[in-house]
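Trainee: Please take me closely through a single part of this model, a sheet and whatever packs on it, and then set that part in the context of the rest.

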Amino acid sequence: MVNSIHYFEGRNLVIATKHKKEFVIGPPLKAAFGLDFFSSDSLDTDMLGTFSGEIERLNKPIDAARMKCNMAMDIHQVDMAVSSEGSFGPHPQIFFLPAAEEYLMFMDRKHELEVFVKTVTTNTNYSSITLTSTEYLQEFLTRVKFPSHALILKKSENDITRIEKGIVCEKTLFDRVEFYLNLYGACYLETDMRAMFNPTRMEVIKNLVDQLIVDMNRICPKCHFPGFSVSGVVRGLLCSNCLWPTKSVKEIIYGCKKCGHRSIEMNTELKKYEEPMYCDFCNP
Ligand SMILES: [Zn+2]
Ligand SMILES: [Zn+2]
């Protein structure tokens with residue numbers, strides 16, 4: 001089988017993370033490509049934004065991921081890096097469900113290669129609650145998988161003058177909630193989405209690494225450069241009822257970052273026709 005191993009073998013890769021994500025990102029890449037990895041603990045990725053609101057996340061995920069890779073490569077004087085980004089909120093289509101978007105960026109300066117993968121999943125415990133009493137506390141704790149998944153405690157959603165992160169001890173949590181309720185009359189609890197405090201998130205990232213490896217191993221049919229990955233989509237899947245084009249994805253475009261070769265492929269996982277419920281004509 002043709003793969004990309006000779007591009008990456010024996011080289012050093014820096015993983016730009018300080019939340020222990022290197023444990024799920026590093027070993028599979030090492031196994032797949034024979035590279036060596038280390039994590040960058042001198043890189044303050046919190047500078048680029050945090051989940052709990054002290055620093056607003058201004059960059060788009062792809063820009064933030066690219067910036068982290070570049071910073072890590074500069075600091076450590078290596079020419080390969082991986083960074084990871086996550087964002088959490090309502091699902092883009094099913095808005096009453098919480099969803100996680102995870103991104104991984106691989107950069108190789110020597111070959112001027114960039115491979116970016118993303119996933120959207122409802123497999124997340126992302127949630128928050130404002131408490132004025134302990135009435136709904138236990139139900140919330142069960143739902144967010146506490147204490148295997150950590151929590152963050154604040155005075156209120158947007159008040160970060162007092163914030164306690166990474167709470168995993170039940171006694172601490174109950175004591176602190178009681179303390180806040182007595183002092184402020186209310187408090188705000190949210191899931192701690194930092195990967196080392198969130199096994200569900202770590203699992204999603206682990207699965208995304210497999211997708212990254214597949215994309216890094218996909219070879220351009222023309223120039224044999226690695227990273228021949230999805231560069232766009234063609235919409236217009238026909239409605240099964242009226243046969244008019246819908247906004248749904250019909251074909252996937254793969255592109256080469258080296259020679260610019262593009263190929264359009266019918267994704268075998270995609271449907272042949274769209275259901276009328278997604279058709280603007282049948283279901284406006
Ligand atoms: Zn090519
Ligand atoms: Zn239709």
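Mentor: Helices (H or I, at least four residues) and strands (E, at least two) are taken here as DSSP runs, numbered from the N terminus. The model is predicted, so that local features need pLDDT of at least 70 and side-chain atom pairs count only at pLDDT 80 or more, while totals for chains, interfaces and linings use all residues. Residues are numbered from 1 along each chain as its sequence is written, and chains are lettered from A and ligands numbered from 1 in the order in which they are written.

The part to look at is the open sheet of five strands, whose order is S2-S1-S3-S4-S5 and whose pairing is mixed; two strands count as paired if DSSP finds at least two bridges between them. Strand S2 (36–39) and S5 occupy the edges, and each has a single partner strand, so one side of each is left without a neighbour in the sheet. From one strand to the next the twist averages 20°, with axes fitted as lines to C-alpha atoms, for helices over the stretch in contact, and angles running from 0 to 180 degrees between N-to-C directions.

Within this sheet, strand S3 (residues 80–90) and strand S4 (residues 98–108) run antiparallel and are joined by eleven bridges; Phe-88, for instance, has Ala-100 in S4 as its bridge partner. Helix H3 (residues 61–76) lies across strand S1 (12–16), S3, S4 and S5, and runs at about 150° to S3.

To place this sheet in the chain, consider the division into domain 1 (5–121 + 196–217), domain 2 (128–192) and domain 3 (222–284), bounds that come from an automatic or database domain assignment. Seven residues of domain 1 are in contact with four residues of domain 3, contact being counted when the C-beta atoms of two residues, placed from the backbone, lie within 7 Å. The edge strand S5 (113–121) returns at this boundary, for S5 and helix H6 (199–217) each supply at least two residues of the side of domain 1 that touches domain 3.

A second open sheet is built from four strands in the order S6-S9-S7-S8, with antiparallel pairing. Its edge strands are S6 (128–131) and S8 (159–167), each pairing on one side only, and the twist averages 20° from one strand to the next. Strand S7 (residues 151–156) pairs with S8 over four bridges in the antiparallel sense, and Ser-156 stands opposite Asp-159 in S8. Helix H5 (residues 170–184) packs on the sheet, where it touches S6, S7, S8 and strand S9 (187–191), and its direction makes about 5° with that of S7.

Strand S9 pairs antiparallel over four bridges with S6 and over four bridges with S7; Ile-129 stands opposite Leu-189 in S9, and Lys-154 stands opposite Tyr-188. Five of the five residues of S9 are buried, so the strand is largely enclosed by the rest of the structure, a residue being buried if 20 or more other C-beta atoms, placed from the backbone, lie within 10 Å of its own. Cys-187, Leu-189 and Thr-191 lie on one side of S9, with Tyr-188 and Glu-190 on the other.

Over the protein chain there are six helices and twelve strands, and buried residues make up 32% of the 284 residues.

Key. Buried ≥ 20, exposed ≤ 12 C-beta atoms within 10 Å, placed from the backbone.
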